[in-house]
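Colleague: Could you take me through one part of this model closely, the packing of its helices? I'd be glad of the cut-offs along the way.

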Amino acid sequence: MRRLPLLTAAATLSAALLSGCGGHASTTPQHSPAVSGSAVAAYDDAVSTPQPDSVYPQHGHAEVDALHYELHLTWNGTTLSGEESLEFRASRASARISLDLGSALTPGAVMLDGTPVESSHTGDTLTLAHPVEADTRHTLSLSYTGTAQPVPDPSRRSDVQPLGLTRTPEGGLWTMQEPYGAFTWYAVNDTPSDKALYDVRITVPAGMVGISNGTLVEGPSGSTTTTTRWHSSAPMASYLTTLAVGRYTPTHATSASGVPLTYWVPTDDQQPLKDLEKTPDLLAWLEKRLGPYPFDSLSMVIVPAESSMETQTTLTLGDLPDDYSADTLLHEMAHQWYGDLVTPADWSDVWMNEGMATYLQLTWTDEAWDRSPGDSLSDFGLFEAEDRRKAGPPGDYKPDHFADDNVYAGPALMWDRVRRRVGDTEFWKLVRDWPAARSGTSVTRADYLSWLSTQSGVDLQPLMTRWLMSPTSPK
């Protein structure tokens with residue numbers, strides 16, 4: 001998620017600084033061959049170790065390790081209907097199976113391994129009264145129908161709206177769901193410690209198009225309705241999934257490194273396109289520091305929100321100019337390495353995502369505006385002590401202050417202290433090597449800090465723990 005807009009200069013970077021973006025843009029649809037779910041039948045890449053979340057334990061279920069979601073979604077402008085097949089591993093023996101499913105969605109018959117099973121739906125929890133043995137694999141199938149009903153967010157930020165699936169006045173849809181809320185549109189183990197693979201088919205009224213994560217492998221097609229199909233080839237945490245429905249016109253491009261790019265902009269408002277077309281240069285800047293872009297494609301979709309979100313491979317961007325400005329785009333793209341490719345296993349470690357994305361964003365801002373290195377970080381850190389006092393330490397924040405400035409500014413300053421401790425060459429090597437070292441996984445704080453100390457040859461744990469856990473700003 002993007003930070004609060006404290007550096008307004010970066011949000012209005014002139015086109016002259018980013019002229020000559022690499023890649024060729026066109027409005028001609030370019031589709032990849034269809035991908036069958038059976039192509040990844042084993043789903044071994046998605047094996048996770050789900051754990052109860054320390055900040056938001058009311059969501060997620062440790063007995064379920066989701067491996068692959070296949071979602072067939074139909075939206076008629078007022079009602080969402082879904083047919084879902086979930087391949088999962090029982091991560092431990094349990095007398096029952098539970099998933100998160102929004103109270104506004106009514107499930108139909110539920111089947112486990114092809115056999116109907118008794119289930120109950122209470123609040124936002126779907127429970128199957130069926131025992132499972134540890135490390136066994138199963139297929140859960142269900143249908144459901146309901147309305148788009150978001151849920152309250154645990155945040156004090158002015159630019160964050162209710163979480164989950166939201167209906168637009170024109171009859172479209174959009175969603176942002178950090179730290180939770182995917183359960184408002186499908187049955188899910190809604191916790192960052194459980195990553196899974198996805199195939200999503202979306203059918204919507206003619207004239208609209210349904211957009212999700214990954215690569216568009218089929219459509220848009222149809223006369224009375226429009227259907228698209230999306231395939232995600234890399235494991236993904238549920239908070240990083242996205243769904244958008246509206247009247248969109250796609251523009252296609254390719255980065256200098258060969259990454260397929262697609263910009264989904266509202267047909268009746270093409271203003272954001274000029275900013276989105278800066279993507280190739282911004283991506284090249286990140287690849288120089290972080291290594292090759294880690295996924296098959298990169299898309300962006302504009303929605304009527306007041307913030308932006310690093311949803312995996314398909315960024316979900318608000319429709320205000322600051323939501324798709326150059327520094328916001330770079331921040332959300334940085335998350336594709338820090339947050340998406342490697343995800344914190346617990347929400348107490350959202351600083352893993354936001355601290356590095358902010359540090360990279362401010363480093364880029366200095367370069368783009370020809371400022372002295374560190375100037376933007378100094379400006380952004382002016383209020384760090386107050387942020388920490390208000391919301392708590394970055395590694396132990398108040399649960400009702402999710403994604404406040406304290407998890408952006410303090411960790412960004414911390415990374416600068418790490419850089420000073422280990423030196424520039426070693427620091428940027430650590431920054432580049434970490435996403436590759438834990439690619440496709442959800443990680444703990446202990447693992448991260450231990451890896452950094454081992455790789456650098458410097459015990460960084462006291463320094464980083466002080467910055468993450470101290471109730472007052474370290475000197």
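Modeller: Happily! Contact here means heavy atoms within 4.5 Å, and helices are DSSP runs (H or I, at least four residues) numbered from the N terminus. This is a predicted model, in which local features need pLDDT of at least 70, side-chain atom pairs count only at pLDDT 80 or more, and totals for chains, interfaces and linings use all residues. Residues are numbered from 1 along each chain as its sequence is written, and side-chain values use heavy atoms, without hydrogens or water.

Let's start with α11, residues 461-469, where Leu 463, Met 464, Trp 467 and Leu 468 are buried (under 20% relative accessible area, 1.4 Å probe, protein chains only). Down the axis of α11, these buried residues fall within an arc of 120 degrees (taken from the directions from the axis to the C-beta atoms), so they line one face of the helix. Their cover includes α5, α7 (384-391), α8 (409-422) and α10 (445-456).

One of these, α5 (residues 351-368), also packs with α3 (residues 279-290), at about 115 degrees and with the axes 12 Å apart. Those axes are lines fitted to C-alpha atoms over the stretch in contact, with angles from 0 to 180 degrees between N-to-C directions. The crossing of α3 and α5 is right-handed, meaning the near helix is turned clockwise from the far one by less than a right angle. From α3, Leu 282, Trp 285, Leu 286, Arg 289 and Leu 290 meet Leu 360, Thr 363, Trp 364 and Glu 367 of α5. The residues of that contact are six nonpolar, one polar and two charged, with Leu and Trp counted as nonpolar, Arg and Glu as charged, and Thr as polar.

Definitions and conventions. Helices (H or I, at least four residues) and strands (E, at least two) are DSSP runs, numbered from the N terminus. Buried means under 20% relative accessible area, exposed over 50%, partly exposed in between (1.4 Å probe, protein chains only).
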